[in-house]
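Student: I would like a close look at a single part of this model, the sheet and the elements that surround it. Could you take me through it in one connected account?

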Protein chains: 2
Amino acid sequence: MALSAARVGTVVPLLDPNRVIGIDPGLTVTGYAVLERRGSSSAAMIEAGVIRPRGDDLARKLAWLHKAVADVIKSFPASAVALEQVHSRVAFPRTALLMAHARGVIVLAAAERGVPVHDYAPSRIKKTLTGNGRASKEQMQHAVMTELGLGRLPEPHDVADACALAICHLAIARIARGLAGA
Amino acid sequence: MALSAARVGTVVPLLDPNRVIGIDPGLTVTGYAVLERRGSSSAAMIEAGVIRPRGDDLARKLAWLHKAVADVIKSFPASAVALEQVHSRVAFPRTALLMAHARGVIVLAAAERGVPVHDYAPSRIKKTLTGNGRASKEQMQHAVMTELGLGRLPEPHDVADACALAICHLAIARIARGLAGA
């Protein structure tokens, strides 16, 4: 029943899951990674980088970020944008609230291009990449390098985190397709 | 020196402070109020209302909200958008983070139309309207009704809060103009 609902619902990536954009939002640095599923298990990095919003106030930074993310989404048509879930346990409230402003305009940019947004809990990302929902930072870095066939970790860490998100999405979409018999 | 800096800086409302849009952001209900300074002290409500974003996920709600706020800003050209400052003391982290997504697309809509965003701490709003930074809800409601010459409080409370923000901005802009000798 759940699978049937997924197939007839709005989960477009189940229908065309080959390319995904992982985004790690931030007002100072936003990391992104465009990954593509190649064959049955490996993923290739098509493009990755950071957006450093310019501007001397929140409004200008958000406008910059929104435009830059919209450009990435337009340049690399994807079936999904993958984000980390909003945390309800907030360690640094002000920082988290500003990050949420950034996340808001990123989600908007995806919606404006009709690209579905999927979000994943940190523990699910860790479990999907390493088999362990409490994996260490080093284990996660190793998994990202292995999955993408890279000799070293993408830098800065915002890009590596965006890669992890995109890998997680591709893996979960693949499992969902398998279960759905696609 | 500070005044001189303000006059040559980007504080456009000091130059044209007659109309302001106060906005109280929320993903379920966003209240807004377009106020205009009439004469030396009173303010008139030009338009006020609520936006209730439709959509079955965050992305659609944000797209709806962004469009609706952009329409208000386009329909009622104003010299400023007034918001409440981001709180660093977060009582309900998840709710606050979702509100910050909404705030992000509202700030973006203002930036896209070139309208400066001003934000005010709750204590400053209370002090400006009532003389008391710890005014009660009832005192604030009374101040809003008196300032706008209304027989009853605007409803829902999101609209009343948006009115209070706009009144606060007009009062502070007027004081700033007075100090600047305009």
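Tutor: In strand 3 of chain A, A:Met45 is the bridge partner of A:Leu35, and this pair is a useful place to enter what is a predicted model. The pair belongs to a longer ladder, in which strand 2 (residues 30–38) of chain A and strand 3 of chain A are joined by nine bridges in the antiparallel sense. Both strands are part of an open sheet of five strands in chain A, whose order is 3-2-1-4-5 and whose pairing is mixed. At the edges of that sheet stand strand 3 (42–51) and strand 5 (117–120) of chain A, each of which pairs on one side only, and from one strand to the next the twist averages 25°.

To place the sheet within the chain, chain A has six helices and five strands, and from the N terminus on these elements follow one another as α-β-β-β-α-β-α-β-α-α-α. Among the contacts in chain A that join residues at least 6 apart in sequence, 67% are between residues at least 24 apart, and of the 182 residues of chain A, 48% count as buried.

The two residues of the opening pair appear again in the packing around A:Cys163. Once its neighbours within four places in sequence are left aside, A:Cys163 is in contact with A:Leu35 and A:Met45, and also with A:Gly22, A:Ala33, A:Ala48, A:Val144, A:Leu148 and A:Pro154. A:Cys163 is also one of the residues with the most contacts inside the largest nonpolar core, together with A:Ala166, B:Cys163 and B:Ala166, and that core has 117 residues.

Helix 2 (residues 58–75) of chain A lies across strand 1 (19–24), strand 2 and strand 3 of chain A, and its direction is at about 155° to that of strand 3 of chain A. Turning to helix 6 (residues 157–180) of chain A, one finds A:Ala180 there, and this residue counts as partly exposed because it has 14 C-beta neighbours inside 10 Å. From A:Gly114, A:Ala180 is 66 residues away in sequence and 24 Å away in space, taken from C-alpha to C-alpha.

The other side of the sheet order is conveniently followed in chain B, where an open sheet of five strands likewise has the order 3-2-1-4-5 with mixed pairing. Its edge strands are strand 3 (42–51) and strand 5 (117–120) of chain B, each pairing on one side only. Strand 2 (residues 30–38) of chain B and strand 3 of chain B run antiparallel and are joined by nine bridges, and within strand 3 of chain B it is B:Val50 that stands opposite B:Gly31. Strand 1 of chain B, by contrast, pairs with strand 4 of chain B in the parallel sense, over three bridges, with B:Ile21 opposite B:Val81 of strand 4. Strand 4 of chain B is in turn joined to strand 5 of chain B by four bridges, and these two strands run parallel; here B:Ala82 has B:His118 of strand 5 as its bridge partner.

Strand 4 (residues 80–84) of chain B is mostly covered, with five of its five residues buried. B:Ala80, B:Ala82 and B:Glu84 point one way from this strand, whereas B:Val81 and B:Leu83 point the other way, and all are buried.

It remains to relate the two chains. Chain B can be laid on chain A with an RMSD of 0.0 Å by a turn of 180° and a shift of 0.0 Å along the axis, which is the relation of a two-fold axis. In chain B, the C-alpha nearest that axis belongs to B:His101, at 2.4 Å from it.

The contact between the chains takes 27 residues from chain B and 27 residues from chain A. On the side of chain B that touches chain A, the elements giving two or more residues are helix 2 and helix 3 (93–112) of chain B, and helix 3 of chain B gives the most, with 16 residues. By class, that side of chain B has 18 nonpolar, four polar and five charged residues. Of the interface residues of chain B, 100% are also interface residues in chain A, so the copies meet through the same surface.

Technical notes
Residues numbered from 1 in each chain as written. Chains lettered and ligands numbered in written order. Predicted model: local features only at pLDDT ≥ 70, side-chain atom pairs only at ≥ 80, totals over all residues. Buried ≥ 20, exposed ≤ 12 C-beta atoms within 10 Å, placed from the backbone. Contact = placed C-beta atoms within 7 Å. Least-squares fit on C-alpha atoms with pLDDT ≥ 70 in both. Pairing = 2+ DSSP bridges. Nonpolar A, V, L, I, M, F, W, Y, C, P; charged D, E, K, R; others polar. Core = buried A, V, L, I, M, F, W, Y, C linked by C-beta atoms within 7 Å. Axes fitted to C-alpha atoms, helices over the stretch in contact; angles between N-to-C directions.
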